[in-house]
Amino acid sequence: MNLKLKKGFDINLAGKAKPELAGEIISEIYSFKPTDFNAITRPKVLVNEGDTVKAGTPIFRDKKNEQVYFCAPVSGEVVSITRGAKRFPEEFKILADKEIQYVEFPKYSESDITRLSKEEVLEAMLKSGVWPNLVERPFGLVPNPDNEPRDIFISAFDTHPLAPDYEFVFKGQEKYLQAGVTALQKLTKGRIHISIPSGNSSIFKSLTGVQIHQVSGIHPAGNVGVQIHHIAPISRGEHVWTTTPYGLQQIGRLFLDGRYDSSKVIALAGSEVIEPKYYQIKNGISIAKLVENKLKDTNSRIVSGNVLTGLKVSKEDIIGFNHNLISVIPEGDDYEFLGWILPTSKKLSFHRAFGLFSFLSPKKERVLNTNMNGEERAIVQSGVFEQVLPMDIYPVFLLKAILANDFEEMEALGIYEVLEEDFALCEFVDVSKMEIQRILREGIDALQEA
Amino acid sequence: MKFVRDTLDKIKPAFEKGGKLEKLHPAYDAFETFAFVPKHTTPKLGAQIRDAIDLKRMMMTVIIAMIPCLLFGMWNVGHQHFLALGNLEASFIDKLIIGAWVVLPVVVISYAVGLGIEFYFAVQRGHSVNEGYLVTGMLIPLVMPPTIPWWQVAVATAFAVVVAKEVFGGTGMNVLNVAMTARAFLYFAYPGDMAGATDVWVYTGGEKIVDGYAGATALGIAADQNTTDALASFGSFFSFENLFIGNVPGSIGETSALMCLIGAGILIFTGVGSWKIIVSGFVGAYVMAALFYVIPGGNAFMAIPPHYHLVMGGLAFGVVFMATDPVSAAQTEVGKWYYGFLIGALTVLIRVFNPAYPEGIMLAVLLMNVFAPLIDYYVIEANKNRRIKRLKLKIA
């Protein structure tokens with residue numbers, strides 16, 4: 001399928017990562033945070049402080065979805081388990097071995113994988129730690145293996161600001177990607193859909209057993225939710241799973257190498273990074289180690305993930321489980337005299353209201369800070385969200401249904417088809433400065449619990 | 001600038017929680033955020049960067065779009081004044097001074113009363129002061145006749161802000177356009193000061209009007225007279241050119257279609273006003289007027305060429321500045337086409353068939369404000385039905 005998307009908005013930030021792998025960053029301490037996942041309500045801790053674990057040893061599971069094991073990303077000693085409200089385990093800290101020990105899982109050749117049964121694939125994926133790379137829609141959950149997905153979708157490109165270039169990251173990883181696809185095929189009677197940017201040659205074109213879709217357009221064209229909406233939208237009662245090429249790679253490694261290897265190539269980017277580049281890391285690496293000696297000496301904010309959907313982190317935190325980018329941008333905690341009316345071409349705006357001149361130079365790379373550029377107000381403007389959301393959905397009406405706690409209306413207006421990332425641009429362009437992604441998440445959570 | 005910041009920082013503690021003037025925090029906040037964009041940063045999770053726009057800038061854009069109408073209105077008040085007194089030699093500056101003398105107090109009263117109420121409600125509710133009134137405060141004077149008594153401006157503003165807006169919850173919650181409500185209030189409460197002959201539409205300053213100066217508006221004449229007389233006057237004083245330029249009597253800011261078009265250009269270019277509403281509004285009026293024009297017989301109004309309808313009275317001003325109010329208009333993009341079209345069409349319908357209310361735009365906008373949610377309802381239902389249909393197809 002060829003998909004042409006017109007709506008959206010590209011945010012061209014300064015500080016893109018140079019396509020250069022600058023080596024591996026290793027940390028003494030690695031962490032696992034259950035809070036990286038949505039709606040985990042009945043946590044069960046499977047290790048004690050002081051236990052030694054291998055990469056792939058189960059350390060945690062959710063009793064609500066108990067077939068899924070969350071596993072240690074590295075081998076070593078569990079040095080602490082931090083608990084929060086209601087003794088919810090918020091962070092598992094592992095003091096890593098110098099030489100990582102892996103739990104041995106069965107190894108297969110590429111042709112062996114095609115002969116595996118669904119049960120064998122499920123068993124391997126659920127026990128080894130690769131399963132949480134999958135996301136279940138609606139609601140954006142760690143998938144329940146009993147909900148057989150109608151289809152599985154993978155977006156093979158990321159259009160978020162500063163996002164890593166998958167063609168660079170996964171060059172030479174084709175056999176793992178293919179093995180991942182082959183394994184996932186066992187899990188659905190439907191198809192594996194992979195979207196690539198139209199026109200370019202792509203390493204993903206060589207994958208077999210998948211349905212390739214060529215997508216053209218600006219951000220959010222790379223969002224898997226937008227692609228699903230146009231390829232085969234989700235209706236009530238359906239489950240669709242998604243993953244990323246990172247997920248495919250890890251699943252592929254599990255079957256070909258027989259181990260849970262959480263290594264991934266991520267980008268460290270943004271205007272406050274001295275030399276934005278790619279680095280190899282393992283899941284759960286500490287931010288302090290990641291950014292050590294790599295940041296400019298400025299008042300900056302470190303974001304795990306991209307600047308539209310990410311999480312502000314401190315150096316004591318870790319990179320998010322599903323994040324493959326660390327963005328570092330200036331903090332905007334200063335006053336600006338008459339900043340609401342002075343003409344500016346420096347600040348980026350989707351709008352063209354008086355004095356906003358960024359539309360004159362849309363291609364220019366920009367340094368943007370974290371200032372709200374205004375205060376929260378009532379919803380006044382209409383018709384703008386629709387211009388950055390290439391879906392047949394009325395975002396303001398959906399948000400109002402959520403605020404009114406009207407479940408039927410939320411369903412009717414298509415809440416099953418969206419996750420926070422799809423509304424992130426709405427949050428960016430919003431004149432009223434609302435926390436749209438948070439509101440959407442509240443609606444999704446409320447509906448899921450109901 | 002540093003001095004302003006320091007002063008604000010110095011008095012800030014008094015307005016914070018636990019301070020002596022804690023209750024007045026919304027008022028302090030309004031002034032502080034007017035001087036400085038606050039140092040608020042984006043929350044921990046979600047969009048870490050935000051667009052440079054905010055509600056203040058958006059509202060200022062609308063005010064800037066109204067400035068041509070305001071300035072022309074001031075000149076025109078002076079122009080009509082001297083015309084009525086038979087003084088054809090008065091200079092541009094003289095006209096502007098007289099106009100400013102008449103218009104500016106109305107602007108000041110509108111802002112003082114409206115903002116006073118806004119601040120009061122903000123303080124009572126502990127909300128921050130919304131910027132919506134910045135626009136309303138300019139719209140109200142522009143739709144008033146130049147001779148409007150000041151106390152009526154104050155009463156109408158108070159009525160509109162409280163009844164049309166604050167009782168619904170303030171900015172963003174109102175059903176009716178606030179400025180139109182103010183005008184409608186005066187129209188029905190004090191009809192003698194809002195419609196009629198010379199003494200309403202032209203500021204005379206108590207002096208005697210020369211013979212031959214009619215001083216009525218084009219709409220008034222068309223509604224009053226028989227066909228031939230109306231058409232005759234439309235040939236000379238109310239020529240298409242004069243109506244388009246706007247050097248005719250009327251409400252302060254509405255007479256010049258040209259200035260409204262400049263405002264429309266600003267609103268459309270900046271994206272602050274919906275081009276769909278503006279275009280469909282004019283199309284609706286033209287189509288309706290053309291329909292009446294080709295029907296033989298009827299009243300004087302029906303015989304007016306359709307393009308006259310676009311430049312007469314407040315249609316242009318209403319379509320450009322009132323219909324595009326995003327809060328009271330239709331909120332769906334499809335709905336905006338219907339909304340605008342119906343405003344234009346209804347305006348002409350009211351003008352032609354209801355001589356008691358020659359100014360149709362006011363009632364048309366208010367009526368469509370009420371129906372806008374219904375239009376949206378059907379657009380949204382269609383969206384929901386597409387989803388239901390998809391589900392049914394799958395099950396079948």
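## Exercises on a predicted two-chain model

Ile154(A) sits across from Thr243(A), a residue of β14(A). That pairing is a handy place to start; keep in mind throughout that the model is predicted.

### Exercise 1: Around β14(A)

**Task.** Work out which strands flank β14(A), in which sense each one runs, and where the side chains of β14(A) point.

**Solution.**
- Step 1. Take β11(A), residues 152-155, to begin with: it runs parallel to β14(A), and three bridges join the two. The Ile154(A)–Thr243(A) pair belongs here, with Thr243(A) on the β14(A) side.
- Step 2. Now look at β10(A), residues 135-137. Three bridges tie this strand to β14(A) as well, but here the sense is antiparallel. Arg137(A) has Val240(A) of β14(A) as its bridge partner.
- Step 3. Sort the side chains of β14(A), residues 240-243. Val240(A) and Thr242(A) point one way, while Trp241(A) and Thr243(A) point the other way. Side chains of a regular strand alternate between the two faces of the sheet.
- Step 4. Check burial: all four of these residues are buried.

### Exercise 2: An open sheet in chain A

**Task.** Find the strand order of the four-stranded open sheet in chain A, and say which strands lie at its edges.

**Solution.**
- Step 1. Follow the pairing across the sheet, and you get the order β3-β9-β8-β5, with antiparallel pairing.
- Step 2. Look for strands that pair on one side only. Those are β3 (29-32) and β5 (52-53) of chain A, the edge strands.
- Step 3. Zoom in on one edge. Four bridges link β3(A) with β9(A), residues 89-96, in the antiparallel sense. Here Tyr30(A) stands opposite Ile94(A) of β9(A).

### Exercise 3: Where the chains meet

**Task.** Describe the side of chain A that touches chain B: how many residues are involved, which elements give two or more, and what is the chemical mix?

**Solution.**
- Step 1. Count both sides: 66 residues of chain A contact 55 residues of chain B.
- Step 2. List the elements of chain A that supply two or more residues: the strands β17 (300-304), β18 (311-313) and β20 (336-337), plus the helices α9 (395-403), α11 (424-429) and α12 (436-449). The top contributor is α11(A), with four residues.
- Step 3. Split the chain A side by chemistry, and you find 30 nonpolar, 19 polar and 17 charged residues.
- Step 4. Look for strand pairing across the chains. β20(A) pairs with β1(B), residues 36-37, antiparallel and over two bridges. Glu336(A) faces Val37(B) of β1(B).
- Step 5. See how the predictor rates the complex: ipTM is 0.94 and pTM is 0.94.

### Exercise 4: One loop residue

**Task.** Is Glu435(A) buried, partly exposed or exposed, and which residues does Glu435(A) touch?

**Solution.**
- Step 1. Place the residue: Glu435(A) lies in the loop between α11 and α12 of chain A.
- Step 2. Count the neighbours. Glu435(A) has 17 other C-beta atoms within 10 Å, so the residue is partly exposed. The cut-offs are 20 or more for buried and 12 or fewer for exposed.
- Step 3. Leave out residues up to four places away in sequence, and the contacts are Glu427(A), Pro43(B) and Gly46(B).

### Exercise 5: α9(A) and the core

**Task.** Find out which residues of α9(A) are buried, what they pack against, and which members of the largest nonpolar core touch the most others.

**Solution.**
- Step 1. The buried residues of α9(A) are Pro395(A), Phe397(A), Leu398(A), Leu399(A), Ala401(A) and Ile402(A).
- Step 2. Their packing partners in chain A are α8 (385-388), α10 (407-412), α11 and α12, and chain B adds α18 (360-395).
- Step 3. Step past the helix end: just after α9(A), Asn405(A) has a positive phi of about 60°.
- Step 4. Go to the core. Among its 241 residues, Leu398(A), Tyr339(B) and Val365(B) touch the most other members. α3(B), residues 55-84, gives the largest share of this core, 15 residues.
- Step 5. Follow Tyr339(B). Beyond four places in sequence, its contacts are Ile277(B), Ala329(B), Ala330(B), Met368(B), Ala372(B) and Ile375(B).

### Exercise 6: Chain B as a globule

**Task.** Test the radius of gyration of chain B against the value for a compact globule.

**Solution.**
- Step 1. Chain B has 18 helices and one strand.
- Step 2. For 396 residues, a compact globule would come in near 21 Å; chain B has 23 Å, so the two agree.
- Step 3. Add burial: 52% of the 396 residues are buried.
- Step 4. Check confidence. The mean pLDDT of chain B is 90, with α11(B), residues 227-235, the lowest element at 59 and α13(B), residues 257-270, the highest at 97.

Key
Residues are numbered from 1 along each chain as its sequence is written. Chains are lettered from A and ligands numbered from 1 in the order in which they are written. This is a predicted model: local features need pLDDT of at least 70, side-chain atom pairs count only at pLDDT 80 or more; totals for chains, interfaces and linings use all residues. Two residues are in contact if their C-beta atoms, placed from the backbone, lie within 7 Å. Ala, Val, Leu, Ile, Met, Phe, Trp, Tyr, Cys and Pro count as nonpolar, Asp, Glu, Lys and Arg as charged, and the others, Gly among them, as polar. Two strands pair if DSSP finds at least two bridges between them. pLDDT is the predictor's confidence in each residue, from 0 to 100. A nonpolar core is a set of buried Ala, Val, Leu, Ile, Met, Phe, Trp, Tyr and Cys residues joined through C-beta atoms within 7 Å. The radius of gyration is taken over C-alpha atoms; the globule rule is 2.2 Å times the number of residues to the power 0.38.
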